[in-house]
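Thanks for making the time this morning. I would like to walk you through one model, going slowly enough that everyone can follow along on the screen.

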Amino acid sequence: MMREGIFVKEYSGIEINRAEILRYAGVKRDISDYDTLLDECIKEASDKLRYSVCYREFPLKISDETLDLCFAEIKSKSLKKNLCGCNRFLLFAATVGIELDRLINKYSRTEPSRALIFQAFGAERIESLCDAFCSDLEKEMALQNCSTRPRYSAGYGDFPVEIQSDICKALDCSKKIGVFVNESLLLSPSKSVTAIVGIESKLY
């Protein structure tokens, strides 16, 4: 059963993956070399983050190479392949807020290594938030005898990044969770993601 309207979900207590942060930072040396700096960055940033997701369900129509997403019609072979077999999808936007951007800007000139860790921490945090949300969605859909597809974001394959503006309008992101698209078609705050998750009914 399709839900009507735009919903907002807040998260807290998402476990931090230190190894993943260092991977995003491109750290190849002994992890202990960065332990203290990583601890300091996590301590400084953690209580400043907010984990927010807004989402909305739409029906899906596929005609030849055209995908009717309700809020836009596009041609994307890669997204079509991802959504093949689905008759609806969930559109979502997620963010961990603006504070990491401020910390990155604060340290970018004076302490580049610290700014790098904050960049990596933000990447790990937004991915963990998306994983948590998609995991919850998968469990919810299973109760409806449905399955979900891997999330797919603008910029993947031939799914045009230009659609970010349409996505943010469809979700009313600026009002719901404070996310908007800048002139370069990038999301602000930078540690934000939009994505589509296909939903397929299971037939027996």
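How do the axes of helix H2 and helix H5 cross, and within what distance do they come? Please keep in mind throughout that what we are looking at is a predicted model. In this model, the axis of helix H2, which covers residues 35-46, comes within 10 Å of the axis of helix H5, residues 112-143, and the two cross at roughly 60°. That angle makes H2 oblique to H5, and the crossing is a right-handed one. On the H2 side the contact is made by Leu37, Leu38, Glu40, Cys41, Ile42, Glu44, Ala45 and Ser46, while H5 contributes Ser113, Arg114, Ile117, Phe118 and Phe121. Sorted by class, the residues of this contact come out as 8 nonpolar, 2 polar and 3 charged.

Let me stay with H5 and turn to another helix that packs against it. Helix H1, residues 18-25, packs with H5 at an angle of about 125°, and the axes of H1 and H5 are 8 Å apart. These two helices are therefore oblique to each other, and their crossing is right-handed. Here Glu20, Ile21, Tyr24 and Ala25 of H1 meet Leu116, Ile117, Ala120, Phe121, Ala123, Glu124 and Glu127 of H5. The contact of H1 with H5 has 8 nonpolar and 3 charged residues, with no polar ones.

Asparagine 17 belongs in this part of the picture too, since its place is in the loop between E1 and H1. With a relative accessibility of 38%, asparagine 17 counts as partly exposed. Setting aside neighbours within four places in sequence, asparagine 17 is in contact with Glu124 and Arg125. The C-alpha atom of asparagine 17 is also separated by 9.1 Å from that of phenylalanine 121, although their positions lie 104 residues apart along the chain.

Now to the sheet. It is an open sheet of 5 strands, in the order E1-E2-E6-E10-E7, and the pairing is antiparallel. E1 and E7, the latter being residues 146-148, stand at the edges with a single partner strand each, so one side of each is left without a neighbour in the sheet. Direction ignored, neighbouring strands of this sheet are turned by 25° against each other on average. H5 packs on this sheet as well, touching E1, E2, E6, E7 and E10, and its direction makes about 150° with that of E6.

Going through the pairs, E1, residues 7-11, joins E2 over 5 antiparallel bridges, and valine 8 stands opposite cysteine 54 in E2. E2 in turn pairs with E6, residues 88-95, in the antiparallel sense over 8 bridges, where glutamate 57 has leucine 90 of E6 as its bridge partner. At the other edge, E7 and E10, residues 192-201, pair in the antiparallel sense over 3 bridges, and serine 147 has glutamate 200 in E10 as its bridge partner.

Is strand E2 enclosed by the rest of the structure or left open? Of the 9 residues in E2, which spans residues 51-59, 7 are buried, so this strand is largely enclosed by the rest of the structure.

One last residue to point out is serine 188, found in strand E9, residues 187-188. Its relative accessible area is 18%, so serine 188 is buried, the cut-off being under 20%. Apart from neighbours within four places in sequence, serine 188 is in contact with Gly178, Val179 and Phe180.

Terms used. Residues numbered from 1 in each chain as written. Predicted model: local features only at pLDDT ≥ 70, side-chain atom pairs only at ≥ 80, totals over all residues. Heavy atoms only, no water. Helix = DSSP H or I, 4+ residues; strand = E, 2+ residues; numbered from the N terminus. Buried < 20%, exposed > 50% of the residue type's maximum accessible area, 1.4 Å probe, protein only. Contact = heavy atoms within 4.5 Å. Pairing = 2+ DSSP bridges. Axes fitted to C-alpha atoms, helices over the stretch in contact; angles between N-to-C directions. Parallel < 35°, antiparallel > 145°, perpendicular 65-115°, else oblique. Left-handed = near helix turned anticlockwise from the far one by under 90°. Nonpolar A, V, L, I, M, F, W, Y, C, P; charged D, E, K, R; others polar.
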